Every structure is written in structure tokens, then in C-alpha cells.
Amino acid sequence: MNNARRAAIRAVLSAADVIDTFLANGDWQVTLKADDSPVTEVDIAAETAIRSILTEALPEAAFYGEETGHSAGSGGEAKYRWLVDPIDGTKSFIRGMPFYSTQIALEADGQLILGVSNAPAYGERLVAAVGEGAWLNERRVQVRSEITRVEDAFLSSGNLTTLAAESDLWARYGSVVNRARRVRGYGDFCHYHQLCMGQADLIIESDVNILDIAALTVAVREAGGIITDLAGKAIDKQTTSVLAAATVELHAEVLSLGLS
């Protein structure tokens, strides 16, 4: 675990250097992928740097990257797998906003055990490992364990396209908004960092993929929170939605409203 953690931190810092170089030059190409989402030269260069560091540190691990896809580890059937999104929040990055990050997670036998979420423009690096807590900028962080009701919760929502497409689900989401103490939409890495620090208490998203949330899943759990999809199912490679909360009680209350 120590070797993997050190490698993941080196990799996000290397990605940050790549990103900074492109930003200083101020010139890169943007293209659209098959799903109509943008990808830049910066994404690909950052992932290439990450892959080099991670495969050298743990050659037996498989690799799954947002831009360069899957590759097997050196030992064939892999016990470990890296999950990497070099720039999560590419649309924000393209527009010059600071709400982008590098996400690196490690699985062991299909279970998420390590997560590093680095947001260089935001000045935050969140590192979490199973059984070792969540640490933001080397300070241990925890959720607000006293928040058990929607009425006391700070809610943040990210991508909600699928939720908004169903009128009954949208109405149920509206009931949560109406009841929450405070409502914002920070999105991407930001509200997960906030949840881990006790600044937000509840996160709802209906349109994500595992590379967006793998590292952040480890962090939320290690900070004392609970994270599932909107149906209450465990996070896995098929996950497309998120219900994350500071406490089991708060999570159960929102889950009972049926947002999926």
C-alpha cells in the first residue's frame, strides 16, 4: 500500500506538471470523443505521464485510463487495477475554470483500496487508503457525523441530466432541495472534498462513470461517510449515479425517497 500510495501521489504531481506546461503555453487542441465529450491534448499527455509512473511502480497491475483505455498487467490475470482520469472536469478546464482534477484509484480483487484526488488549480490533494483515513493536504478530514436529517444538511448536486428527464424523479429531487438547509451545485471533485471535510453533507448525481468517482469513493468512506448509487447499490464499474452522505441516517432518508 505504501508503494502504491507514493506512486499515485507522484503520478498526480507529474500530471499537474504536464497541465501547467500546457497552460503556460496556452495552446492545445480539443476534439470530441464518440460520446460527444471533449478531450484535449493535455488529457492524453497527462495520462501518458501517469501511466508511465504507475506501471513502473506496480507492473503487475492492470491499467484503465479515461483516454488510453485498458491494458493488462505484466502477470496476466491481475489482482490489482489502476483506475485513472487524468483531467476529470475537462469542460471546466477548457473554459479556464479551476474545477478540474486528476483522479487515481487502485483496486485489489475488484475492491477499491486507494484513492488520490488532486485539484492543482484549487490547491487541494485528497489521499485515502482503506483503514488509514482520508487526508486533505496532509490533514486528516472527517464528515460531520451529527448531520442525520435532510433539514440540517448542506446539499450539493452535480450532473443531473438523467434525473431531470423523469418528471417523477425530478419532483422527488425537488422535495430534497426544498427541505435541505442549504443547496449548491459545486460538482466534480469539489463537493466530494467538501463532504470529506464536513463542508457539505449530501451529494446527488445521476450521470457519472467509475473513473469520475473511484478515488473519491475511497475518500468518502475513509472520512466516515457513505456512498452508493441512487438505488443504494454499491459503487462498481457499472455505476452511473451517486448518493453520498455524511451519515447512514441521512443516506437512508434520501434513499427512501426513490431517486432512481
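The exercises below, each with a worked solution, concern a predicted model.

**Exercise 1.** Identify which residues have the most contacts inside the largest nonpolar core, and state which elements give two or more residues to this core.

*Solution.* Begin with the core itself, which has 33 residues and in which Leu-54, Trp-82, Ile-104 and Leu-114 are the residues with the most contacts. Next, trace the elements that give two or more residues to this core: these are helices H1 (2–25) and H2 (41–57), together with strands S5 (80–88), S6 (101–108), S7 (111–119) and S8 (124–129). Of the elements, H1 gives the most, with 9 residues. Then take Ile-104 as a detailed case: leaving aside residues up to four places away in sequence, Ile-104 touches, among others, Ala-8, Ala-11 and Val-12, as well as Ile-50, Leu-54, Trp-82, Leu-114 and Ala-215. Finally, note that another core, of 30 residues, lies apart from the largest one and includes Tyr-192, Cys-196, Ala-219 and Ile-227.

**Exercise 2.** Describe the open sheet of 5 strands by its order and its edge strands.

*Solution.* Read the order as S12-S11-S13-S15-S14, with mixed pairing. The edge strands, each pairing on one side only, are S12 (182–184) and S14 (226–228). Ignoring direction, neighbouring strands of this sheet are turned by 15° against each other on average. At the S14 edge, 3 bridges join S14 to S15 (residues 242–245), the two strands running antiparallel, and Ile-227 stands opposite Ala-244 in S15. To complete the description, add helix H5 (residues 167–179), which lies across S11 (154–157), S12 and S13 (202–205) and runs at about 140° to S11.

**Exercise 3.** Determine how the axes of H6 and H7 cross, and what classes of residue make up the contact of H6 with H7.

*Solution.* The axes of H6 (residues 188–197) and H7 (residues 210–222) come within 10 Å and cross at roughly 10°. Because angles under 35 degrees count as roughly parallel, H6 is therefore roughly parallel to H7. On the H6 side the contact involves Phe-189, Tyr-192, His-193, Leu-195 and Cys-196, which meet Ile-213, Leu-216, Ala-219 and Val-220 in H7. Sorted by class, this contact has 8 nonpolar residues, 1 polar residue and no charged residues.

**Exercise 4.** Decide whether Ala-164 counts as buried, partly exposed or exposed.

*Solution.* First locate Ala-164, whose place is in helix H4 (residues 161–164). Since the relative accessibility of Ala-164 is 39%, this residue counts as partly exposed. As a last step, compare sequence with space: Ala-164 and Ser-206 are 42 residues apart in sequence, while their C-alpha atoms are 8.9 Å apart.

Conventions. Residues numbered from 1 in each chain as written. Predicted model: local features only at pLDDT ≥ 70, side-chain atom pairs only at ≥ 80, totals over all residues. Heavy atoms only, no water. Core = buried A, V, L, I, M, F, W, Y, C linked by side-chain atoms within 4.5 Å. Buried < 20%, exposed > 50% of the residue type's maximum accessible area, 1.4 Å probe, protein only. Helix = DSSP H or I, 4+ residues; strand = E, 2+ residues; numbered from the N terminus. Contact = heavy atoms within 4.5 Å. Pairing = 2+ DSSP bridges. Axes fitted to C-alpha atoms, helices over the stretch in contact; angles between N-to-C directions. Parallel < 35°, antiparallel > 145°, perpendicular 65-115°, else oblique. Nonpolar A, V, L, I, M, F, W, Y, C, P; charged D, E, K, R; others polar.
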